[in-house]
Amino acid sequence: MDFIKVTNPYEKHIALIELNRPKELNALNLQLMGELRDTLKELDGDDDIRVIILTGNERAFAAGADIKQMADKSAVDMLMIDQFSTWDQIRKTKKPLIAAVSGFALGGGCELAMTCDMIIASETARFGQPEIKIGVMPGAGGTQRLTRAVGKAKAMEMVLTGRFLSAGEALDYKLVNKVVPVEMYLYEAVQLAREIALMSPVAAQLAKESIDRSFETHLDEGLHFERKNFYLTFASDDQTEGMQAFIEKRKPEYKGK
Ligand code: CAA
């Protein structure tokens with residue numbers, strides 16, 4: 001891997017992926033995105049891993065798609081390169097994915113953070129979709145996920161002016177889960193991962209799938225989907241263990257079976 005660093009395990013049941021193109025502010029070129037897609041697929045299939053953390057460095061989570069790689073492309077080149085099929089694969093990650101964001105999360109970087117399930121931000125984090133300033137528009141979910149997260153008015157403002165949100169604003173607009181001092185953002189993401197890693201991975205996966213479904217469907221269909229996944233948890237040993245542990249007043253030991 002040239003552009004990402006993987007620590008597996010980072011600690012028990014937790015894997016860490018670091019975007020690693022620091023000189024280019026982790027600009028997301030095609031190779032980096034391919035490495036990220038392959039790594040997430042591998043970690044998704046690793047029974048020992050329950051939660052994945054994705055981070056950059058203090059200065060940048062990622063400053064967007066690689067502008068230098070795209071600058072001379074035609075529409076047909078872009079169509080044939082089909083970079084977003086990589087993003088579609090990343091979106092299919094079944095395990096909980098936490099973004100630990102410090103510094104710039106711009107364009108594709110903001111979209112990548114929003115593709116994750118939760119975002120822990122440092123006080124220095126800046127979120128934005130500045131594509132309009134270079135004559136294009138978001139292409140990896142910026143008009144869709146940002147609008148669902150922060151609402152139409154703020155999404156319009158961000159996408160049409162390229163203005164950035166500070167970490168505090170991102171918290172106010174419910175784009176991120178928590179904002180902490182810069183020296184704490186990775187630690188805080190790990191704390192969140194630890195808490196989730198103690199739960200049944202079967203239940204976590206089914207619950208994540210159900211929440212994601214709420215963005216795709218109407219309420220009746222969503223409730224139906226939720227109910228089926230709830231019933232499915234009863235096919236797991238973890239359901240037996242969780243309920244038995246409650247009755248016996250002890251901590252459950254989940255196996256992900
Ligand atoms: N692509 C390629 N290179 C990038 C980059 C990007 N998105 N962002 C930063 N870099 C490079 C710079 O070119 C520079 O390289 P050199 O040292 O070789 O000149 C290096 O990273 C450091 O950047 P700056 O010198 O610009 O650092 P700064 O602190 O002055 O500014 C910044 C930081 C405000 C983030 C600025 O770099 C910037 O505006 N970057 C572009 C942000 C952007 O427009 N992102 C959207 C990209 S399009 C997209 O993402 C489409 C999509 O939806 C998928």
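**Group meeting: rings, ligand shell, salt bridges**

Let's start with one ring. Phe230 is partly exposed, at 48% relative accessible area. One caveat before going on: this is a predicted model.

Which residues does Phe230 pair with? Here is the count for the whole structure. The search turns up two aromatic pairs. Phe230 with Tyr231 has ring centres 6.0 Å apart and planes at 50°, so that pair is tilted. Phe230 with Phe234 is edge-to-face, with 5.3 Å from centre to centre and 70° between the planes. Why is one pair called tilted? Its 50° falls between the limits, because planes under 30 degrees apart count as stacked and those over 60 as edge-to-face. The 70° of Phe230 and Phe234 is over 60, so edge-to-face is the label there.

Put the ring pairs together, and Phe230, Tyr231 and Phe234 form a cluster. Phe234 is partly exposed, at 41% relative accessibility. Phe230, to repeat, sits at 48%.

Next, the ligand. Its shell holds 23 residues. Which come nearest? Arg59, Ala65, Gly108, Glu111 and Glu131. By class, the shell divides into twelve nonpolar residues, four polar and seven charged.

Where does the shell come from? Helix 2, residues 67-70, supplies at least two residues. So do strand 6, residues 104-106, and helix 5, residues 108-115. Helix 2 gives the largest share, with three residues.

Now for atom pairs at the ligand. Take the backbone first. At Ala65, a backbone N or O atom lies 2.9 Å from a ligand nitrogen. Ala65 is also one of the nearest residues. At Lys23, a backbone N or O atom is 3.4 Å from a ligand oxygen. Then a side chain. Lys68 places a side-chain N or O atom 2.9 Å from an oxygen atom of the ligand. How much of the ligand does the protein cover? On its own, the ligand has 990 Å² of accessible area, and the protein covers 66% of that.

On to charges. The whole structure has 13 salt bridges. I'll take three pairs and one network.

Pair one is Arg37 with Asp38. Their side chains meet at 3.0 Å, N to O. Asp38 is partly exposed, at 40% relative accessible area. Arg37 is partly exposed too, at 28%.

Pair two is Asp72 with Lys73. The closest N and O atoms are 3.3 Å apart. Is Asp72 buried or exposed? It is exposed, because its relative accessible area is 64% and the cut-off is over 50%. Lys73 has 33% relative accessibility, so it counts as partly exposed.

Pair three is Arg250 with Glu241. Here the closest N and O atoms are 2.8 Å apart. Arg250 is partly exposed, at 34% relative accessibility. What about Glu241? At 18% it is under the 20% limit, so Glu241 is buried. This salt bridge therefore joins a buried Glu241 to a partly exposed Arg250.

Then the network. Salt bridges link Arg21, Glu24 and Asp66.

Last topic: contacts between distant parts of the sequence. Two examples.

Where is Pro96? It lies in the loop between helix 4, residues 84-91, and strand 5, residues 97-101. Pro96 is buried, at 9% relative accessibility. Along the chain, Pro96 and Gln205 are 109 residues apart. In space, their C-alpha atoms are separated by 7.2 Å.

The other example is Ala167. Ala167 is in helix 8, which covers residues 167-172. With a relative accessible area of 2%, Ala167 is buried. Which residue is paired with it here? Arg126, 41 residues away in sequence. Their C-alpha atoms are 6.0 Å apart.

To recap. The ring cluster is Phe230, Tyr231 and Phe234. The ligand has 66% of its accessible area covered by the protein. The salt bridges number 13. And again, the model is predicted.

Key:
Residues are numbered from 1 along each chain as its sequence is written. This is a predicted model: local features need pLDDT of at least 70, side-chain atom pairs count only at pLDDT 80 or more; totals for chains, interfaces and linings use all residues. Side-chain values use heavy atoms; hydrogens and water are left out. A residue is near a molecule or strand if one of its heavy atoms lies within 4 Å of it. A polar contact is a pair of N or O atoms within 3.5 Å; within protein, one must be able to donate a hydrogen and the other to accept it, and residues adjacent in sequence count only if both atoms are side-chain atoms. Accessible areas come from the Shrake-Rupley method with a 1.4 Å probe; for residues, only the protein chains shown count as cover. Helices (H or I, at least four residues) and strands (E, at least two) are DSSP runs, numbered from the N terminus. Ala, Val, Leu, Ile, Met, Phe, Trp, Tyr, Cys and Pro count as nonpolar, Asp, Glu, Lys and Arg as charged, and the others, Gly among them, as polar. A salt bridge is a side-chain nitrogen of Lys or Arg within 4 Å of a carboxyl oxygen of Asp or Glu. Buried means under 20% relative accessible area, exposed over 50%, partly exposed in between (1.4 Å probe, protein chains only). Rings of Phe, Tyr and Trp (its six-membered ring) pair if their centres lie within 6.5 Å; planes under 30 degrees apart count as stacked, over 60 as edge-to-face and the rest as tilted.
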